[in-house]
Amino acid sequence: MAQSPSTLPVYAPEDQRLLASVALASEKEISGALQAADGTRQVLASESPKVRSARLKWIAKAIQGKADSFAQIICDEAGNA
Amino acid sequence: MLDPIEELHFHDRNARLEKRPVGVCALITPFNFPLNLVAHKVAPALATGCPFILKPAEKTPLTALALCELLEQCEPPLPPDSFAVCVALPKDCGPLSLDSSVRHLSFTGSPTVGWQLKSLAQRAHVTLELGGNAASIVCDDWPLEHALKSCCTAAFAYSGQVCISLQRLFLPSDSFQTGIHQLAQLAQQLKRGPLNEAQTDIGPMIDLAAAKRVEQWVNEALADGATLHCGGSRNGTFFEPTVLSGVSHNTKIWQEEVFGPVVCVEAWSDFSEALAAVNDSRWGLQTSVYTHDRSLMEQAWQELEVGQVIIGDATTFRVDEMPYGGVKDSGVGREGLRWAINAMTEPRLLVLPPSNAAERS
């Protein structure tokens with residue numbers, strides 16, 4: 001039986017240069033991540049809307065702070081931004 | 001945030017309705033907007049308190065992984081294991097639809113994969129944002145030049161790799177020849193250049209296979225009698241902005257989602273027939289109509305078989321807050337913050353006894 005690759009090369013659409021090789025999750029690892037996530041269901045559900053709101057605002061601000069970096073990554077890997 | 005609590009009354013009972021997070025969400029995103037379309041799914045999951053597994057497109061996982069780094073640092077911190085970004089091959093993604101822990105599956109991508117996932121996901125609520133072959137109808141009362149500029153952007157931005165990219169354009173028969181000539185001129189003026197420069201209009205397609213497929217579909221249409229007004233050529237992963245007319249309705253480029261920089265133009269003289277032509281498709285995502293005439297707007301909205309009708313703007317008009325989704329083969333369910341939050345929550349009802357319940361017993 002052929003072995004699945006453990007990494008995935010990511011290429012730039014513009015010139016086919018290799019941007020990165022990323023780790024691939026196996027089916028077993030995805031199942032494990034789902035089970036682990038399911039284990040946090042009650043903790044997350046018990047959080048107040050205020051906590052969730054604060055978290056979203058933090059993330060929005062962090063994305064804005066790295067806007068140029070995100071734009072470059074998107075340009076590189078998607079070919080459009 | 002939405003207020004999650006609603007007070008209800010049934011006969012002599014008071015009740016309280018809460019929206020509770022559904023549980024684990026499986027979020028599967030496409031290559032074309034690696035941050036925005038991820039945010040459309042991740043933000044509602046965070047807002048509702050749902051754990052999630054994000055599976056980004058294999059072609060564009062780097063943006064999602066960069067976002068993951070931010071989520072790992074966020075304040076207040078997310079509970080460990082409450083989210084994961086899994087870059088994976090399709091053959092390994094079975095658990096995202098089959099695992100009993102998944103309560104909501106949100107997929108944006110190809111219809112073949114989307115409908116297959118829905119058939120497998122027996123226990124999960126499913127939202128599918130799939131393809132389209134969006135159409136615009138330009139009416140006589142709308143300035144042609146303005147409509148054509150708008151349509152040019154809608155057809156060729158992101159090299160047409162947008163599910164609401166303009167693919168079928170209906171021009172009034174009186175201005176058809178002028179319009180198609182002007183549209184071809186506009187398309188030829190689009191600038192190809194470095195992607196991180198603001199003045200660049202056209203970038204590459206996502207890979208060589210995608211560009212070659214578009215090339216093949218265009219050649220098939222030309223062999224079937226279509227007229228080429230501009231474009232039609234490929235250079236590596238770049239495909240020139242292409243304007244066609246006289247396209248047979250039996251061709252792939254008319255019937256299917258081209259997902260490339262190609263627009264097919266037709267003349268119309270009867271508005272009802274134009275609407276029927278738009279509806280003559282297995283897709284039903286978004287259509288735009290350029291008119292000031294309220295009766296035509298109303299007729300379009302009533303008769304078009306699509307999720308959204310846009311008046312006086314491009315088929316690609318979308319804001320994050322609006323409900324967005326398709327009918328027919330274009331999908332099921334809606335995205336947009338409020339609608340995604342609804343999909344990621346389920347009602348839980350508390351019914352209280354009547355005030356005189358003790359006396360009754």
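Two strands pair if DSSP finds at least two bridges between them. Keep that rule in mind as we go, and remember that this is a predicted model.

**Stop 1: strands 8 and 9 of chain B**

Select strand 8 and strand 9 of chain B. The two run parallel and are joined by 3 bridges. To see one of the links, pick S136(B): its bridge partner in strand 9 is L169(B). Now look at strand 8 from either side. Is it buried on one face or on both? On both: A135(B) and I137(B) are buried on one side, and S136(B) and V138(B) are buried on the other.

**Stop 2: helix 5 of chain B**

Next, select residues 144–156 of chain B, which form helix 5. The helix has 13 residues, and at 1.5 Å a residue it should span 18 Å; its end C-alpha atoms are 18 Å apart, so the expectation and the model agree.

Colour the buried positions of helix 5 and you will light up A147(B), L148(B), S150(B), C151(B), C152(B), A154(B), A155(B) and F156(B). An α-helix has 3.6 residues a turn, so residues three or four places apart point the same way. What do the buried residues of helix 5 pack against? Their partners in chain B are strand 8 (135–138), strand 9 (168–172), strand 14 (262–268), strand 16 (286–290) and helix 6 (176–189).

Stay a moment with C151(B). Setting aside residues up to four places away in sequence, C151(B) touches S136(B), L166(B), L169(B), L183(B) and A314(B). You met S136(B) and L169(B) at the first stop as bridge partners. Just after the helix, click on Y158(B), where phi is positive, near 55°.

**Stop 3: the largest nonpolar core**

Zoom out to the largest nonpolar core, a set of 118 residues. Which residues have the most contacts inside it? They are F52(B), I53(B), C151(B) and L183(B). Helix 5 of chain B provides the largest share of this core, with 7 residues. Domain 1 and domain 2 of chain B both give residues to the core, so it lies between them.

**Stop 4: the two domains of chain B**

Colour chain B by domain: domain 1 takes in 5–130 + 330–351, and domain 2 covers 135–311. Taken over C-alpha atoms, the centres of the two domains are separated by 32 Å. The contact between them takes 4 residues from domain 1 and 9 residues from domain 2. On the domain 1 side, the residues that touch domain 2 divide into 1 nonpolar, 2 polar and 1 charged.

**Stop 5: an open sheet and helix 2 of chain B**

Now find the open sheet of 6 strands in chain B, with the order 5-4-3-6-7-19 and mixed pairing. Its edges are strand 5 (83–85) and strand 19 (331–332), each of which pairs on one side only. Within the sheet, strand 3 (residues 24–28) and strand 6 (residues 102–108) pair in the parallel sense over 5 bridges. For one position to click on, try A26(B), whose bridge partner in strand 6 is L105(B).

Then select residues 62–73 of chain B for helix 2, which has 12 residues. From first C-alpha to last, helix 2 reaches 17 Å, close to the 16 Å expected at 1.5 Å a residue. The buried residues in helix 2 include L62(B), T63(B), A64(B), L67(B) and L71(B).

**Stop 6: the whole of chain B**

Show chain B as a cartoon, with its 12 helices and 20 strands. Along the principal axes, its C-alpha atoms fill a box of roughly 80 × 45 × 35 Å. Buried residues make up 51% of the 361 residues in chain B. Among contacts in chain B with a separation of 6 or more, 65% are between residues 24 or more positions apart.

**Stop 7: where chain A touches chain B**

Finally, bring chain A back into view. How many residues of chain A are in contact with chain B? There are 49, and they meet 56 residues of chain B. On the chain A side, the elements that give two or more residues are strand 1 (7–11), strand 2 (18–23), helix 1 (27–38), helix 2 (41–45), helix 3 (49–65) and helix 4 (67–78). The largest share, 11 residues, comes from helix 3 of chain A. By type, the chain A side divides into 31 nonpolar, 10 polar and 8 charged residues.

For a last click, choose K66(A), in the loop between helix 3 and helix 4 of chain A. Is K66(A) buried or partly exposed? With 16 other C-beta atoms within 10 Å, K66(A) is partly exposed. Draw a distance from its C-alpha atom to that of Y11(A), 55 residues apart along the chain, and you will get 22 Å.

How values were computed
Residues numbered from 1 in each chain as written. Chains lettered and ligands numbered in written order. Predicted model: local features only at pLDDT ≥ 70, side-chain atom pairs only at ≥ 80, totals over all residues. Helix = DSSP H or I, 4+ residues; strand = E, 2+ residues; numbered from the N terminus. Expected span 1.5 Å × (residues − 1). Buried ≥ 20, exposed ≤ 12 C-beta atoms within 10 Å, placed from the backbone. Contact = placed C-beta atoms within 7 Å. Nonpolar A, V, L, I, M, F, W, Y, C, P; charged D, E, K, R; others polar. Core = buried A, V, L, I, M, F, W, Y, C linked by C-beta atoms within 7 Å. Domains from an automatic or database assignment.
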